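Biologist: Could you walk me through this one? I'd like to start with the strand pairing and then move on to how the chains are arranged.

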There are 2 protein chains.
Amino acid sequence: MTELPPYWLRDNCPCAECRDPRNGQKLFQIHELPPDLAVAASTEADGHLEVLWSDGHRSRYPREWLDGTDEGDGRTERGKRLWTAADFAPGLPGASWEAYLTDPAEQAAVLAAVRDSGFAVLRGVPTVERQVLRVAESFGYVRVTNYGELFDVRVEPSPNNLAFTSVAIAPHTDNPYRDPVPTLQLLHCLENSATGGDSGLVDGFKAAAVLREEAPEAFEVLTRTPVPFVFRDRRTELRADRPLIDLDPKGRIREVRFNNRSTGTLRGSGLDAFYAAYRRFAEITLRPELQLTFRLGPGDCLVFDNTRLLHARTAFQQDGHRHLQGCYADLDSLSSTVAVLRRRAAALDTIAALFAGEGAAEYLGEEVTMAEHMLQAAAAAEAAGAPDHLVAAALLHDVGHFHGALHGTDLMQGQDNRHSDSGADWLARWFGPEVTEPVRLHVAAKRYLCAVEPGYRERLSAASEYTLTVQGGPMDEQQAAAFAELPGARDAVAVRRWDEQAKEAGAPTPGFAHYRPLLAALMR
Amino acid sequence: MTELPPYWLRDNCPCAECRDPRNGQKLFQIHELPPDLAVAASTEADGHLEVLWSDGHRSRYPREWLDGTDEGDGRTERGKRLWTAADFAPGLPGASWEAYLTDPAEQAAVLAAVRDSGFAVLRGVPTVERQVLRVAESFGYVRVTNYGELFDVRVEPSPNNLAFTSVAIAPHTDNPYRDPVPTLQLLHCLENSATGGDSGLVDGFKAAAVLREEAPEAFEVLTRTPVPFVFRDRRTELRADRPLIDLDPKGRIREVRFNNRSTGTLRGSGLDAFYAAYRRFAEITLRPELQLTFRLGPGDCLVFDNTRLLHARTAFQQDGHRHLQGCYADLDSLSSTVAVLRRRAAALDTIAALFAGEGAAEYLGEEVTMAEHMLQAAAAAEAAGAPDHLVAAALLHDVGHFHGALHGTDLMQGQDNRHSDSGADWLARWFGPEVTEPVRLHVAAKRYLCAVEPGYRERLSAASEYTLTVQGGPMDEQQAAAFAELPGARDAVAVRRWDEQAKEAGAPTPGFAHYRPLLAALMR
């Protein structure tokens, strides 16, 4: 009998009754679980723990899931790479805008740098106004504030913020008076011909960790004191009371706010201790070894974590022009984009491995392997000038035959691997209906074609003729009419024709790698 | 000698060298204050504490500010009115859309209800698509998510979220897998003719406070356990680890997240204790006395605090249509709007009081009081068909003479009350340059008119002729040419002419109240 906590175990039941197979959302409320829930019986077999519950429900948990560990959401110091300036002597994390746009691996690397190191620089971003919004939209959503959808950082005649002057700005985080604070900031350099105006970054998590090391009591004071941050102009009156160093419930550093310009009046006791700690923290942020300094040139776009990095600017002379455009966005969507890009890359790796491994097995009595068959179908689609989504559908139409596609990955998704359209369902995690529906309907398309096209059935291979019977034989008139009405029916018929052609022993085709960029593009 | 904490006191120095008079931002960094800073001498006089610092700097603090207390940012339980359903037996907080749009007091009351009670209902919001975005923009900014700028809540064929089905939805908060979580949600009912589909709200802060009262150890567990919330679809993979009940550093309830659909797999020790506490909290949220139930009809728009209120929906039949449009926004901007609306109302009250009080005093030797003079100027502008901003400028042109306008309010703003354009500066906190610049230039306009318009000087009152000399006499040719180039010069000349006309003893005019709506509209 298992010793696992019963409500925890039951709350994680992966069956389709407990969890929506399409999106993984739970279909019950925690209060709906019976009181005194207990495991009535449990057995381990086939890499799974099977549980019979006291209320009669049955659950089946993959051992791999039971043994899983967890890395957290990556938002605390635990998930970060804390740094000093010397760590970037070899260069700043980043990529060219072009590589970022065209290569999902580059995009994932840039965004992962923002998540892990707190920043990255895109180079060669077109120096046109509002382009910074395009950068934000490449991974998430713009957060509009009282400064607008975007803001111009340049000298203004009557500034409502020191950012819009030419004076030096000490390391700080932005908008501390907002709650929720914008978690990401983007600064896109359009022009920087003035003397001075260099950029600086400090890892606020590192500075906080140094403070904790050198003066634990000061660290404690800063984590325990909500500081009123305020901003006020004619149309705005913002205030947020947040500590300079915010911890998660486990005591890990999760957020840093640092901006003396916007600190309001702290009231209450402990003010001497707070100011001593505050000044000590400020002193650490100014240590040369923590200050990363560099110059943004036209076309550079700096993306950084505003809950972690302090940013600064040296003063500049008005002997040239300095013009940045900035906007805010949020880390949650950025992290989501990294995860999705990596999931897609992993899916392509999995599919590639299936073609190379299981795909080398025989294909239901045909004279080609499964991989050869699908590559031939894709090549036929390509030769016919088919659009990308149909080349992909042809390439992947029999992926439901792959045992490996429906096991071993995403074990908790509640997939039914006995269903005839399991291949389409599996593909639907990455591809849209323009790819999945022809796959879903390609068996029906055979039954349709045999019904409506004289001579089609006679051209089937022996194996295909055999499976036709298993699958229900040719459609009757009513079935055929209904099929023709389905969205994707026409595409499925096209895929089916390439499917039939793709059984020629030894026919040369491109390998799977040839189709990878096309699949990657269709995943977006 | 003062016993006040020296760094705290100095950090709050209100002088124009320490703090930008325009926006109140601090002009120094905390590390720039000298080590061993001390008060060298201090004296109390005239309601102020005057301090000479060890580094030679001088500060002057109003006693009123020194004695101030602080209510916090209003985001924790301390700033809220916790409720049970019975509290709303007399009716739900809210207003008609029309009243909300036209009466700043109604708008402030509705938004303050969202801030304080967690929700309000606007009635009669036009039932047109995308109108919910207009509601959000009336007080803040839309937060875009993976569900789009807005989302349609109705039955969908292939939903990626249970919200888009007809099943009952238990009380929950939205988007717990986002960090920052959207702090406000809006739901605008376009159609609700189905049977069922009623709305429910629960005050999550109240439920948490009940848990703390009844089971302090369970409350403790929920505040100490980061829970992984997850959401995943083809283009999204979100995760945030946050406790069900989040406290501020002082231990006050600050945020509630509650959504079993989206809870992922918790790992680690203490799982039994967590699930016992979680189920106990869930049980409290379901108590009938905490459940506020009502029905949204077409045109109703519910605005609620998604960090505090749990919302629910009963199941509905497909015997009619139910269609809501929703969007997210944030509390910080909503609170800012409340503060600005109240600040504007307070400014109008202050101005009204000045007209009634100090304004009844004699006006520099004229035969009218200051209030009569300014009301006559406004009436003259109105009679001339002047646009609203010039009626306002005429009404307020001499506000710089009011002692009360420059004392007693916003003591920490570093105002210089000796400067001739102090009136314009004071007005600039609420009014745009179209109002303030004619006020700023109305003295110069007299000097200009005396220079360029034959016979103008002869028509001046005796008092005005006297002050002309004090103010520098008529402009020379160069000064007049420069003046004519200033933005607002033309408007200032117009105001000046009404100014000269407004010195007729006993002339009847409307009272200040007549101009209040005009001023309120100009403040937006």
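Biologist: Which residue is the bridge partner of B:E44 in β2(B)?
Modeller: In this predicted model, B:E44 is partnered by B:L49 of β2(B), and β2, residues 48–53 of chain B, runs antiparallel to β1(B), to which 6 bridges join it.

Biologist: What order do the strands of that sheet have?
Modeller: The order is β1-β2-β3 in chain B, an open sheet of 3 strands with antiparallel pairing. Because β1 (39–45) and β3 (58–62) of chain B each have a single partner strand, they stand at the edges, and one side of each is left without a neighbour in the sheet. On average, neighbouring strands here are turned by 20° against each other, direction ignored.

Biologist: And the 4-stranded one, what's its order?
Modeller: That open sheet of chain B reads β8-β17-β10-β15, again with antiparallel pairing, and its edge strands are β8 (169–172) and β15 (292–294), each of which pairs on one side only. Strand β10 (residues 199–203) is joined to β15(B) over 3 bridges in the antiparallel sense, with B:L201 having B:L292 as its bridge partner in β15(B).

Biologist: Which helix packs on that sheet?
Modeller: Helix α6 of chain B, residues 204–214, touches β10 and β17 (309–313) of that chain, and its direction makes about 45° with that of β10(B).

Biologist: Changing topic, what turn lays chain A on chain B?
Modeller: A turn of 180° with a shift of 0.0 Å along the axis does so with an RMSD of 0.1 Å, which is the relation of a two-fold axis. In chain A, the C-alpha nearest that axis belongs to A:P180, at 3.0 Å. The same surface serves both copies, since 100% of the contact residues of chain A recur in chain B.

Notes:
Residues are numbered from 1 along each chain as its sequence is written. Chains are lettered from A and ligands numbered from 1 in the order in which they are written. This is a predicted model: local features need pLDDT of at least 70, side-chain atom pairs count only at pLDDT 80 or more; totals for chains, interfaces and linings use all residues. Side-chain values use heavy atoms; hydrogens and water are left out. Two strands pair if DSSP finds at least two bridges between them. Helices (H or I, at least four residues) and strands (E, at least two) are DSSP runs, numbered from the N terminus. Axes are lines fitted to C-alpha atoms, for helices over the stretch in contact, and angles run from 0 to 180 degrees between N-to-C directions. Copies are superposed by least squares on the C-alpha atoms of residues with pLDDT of at least 70 in both. Contact means heavy atoms within 4.5 Å.
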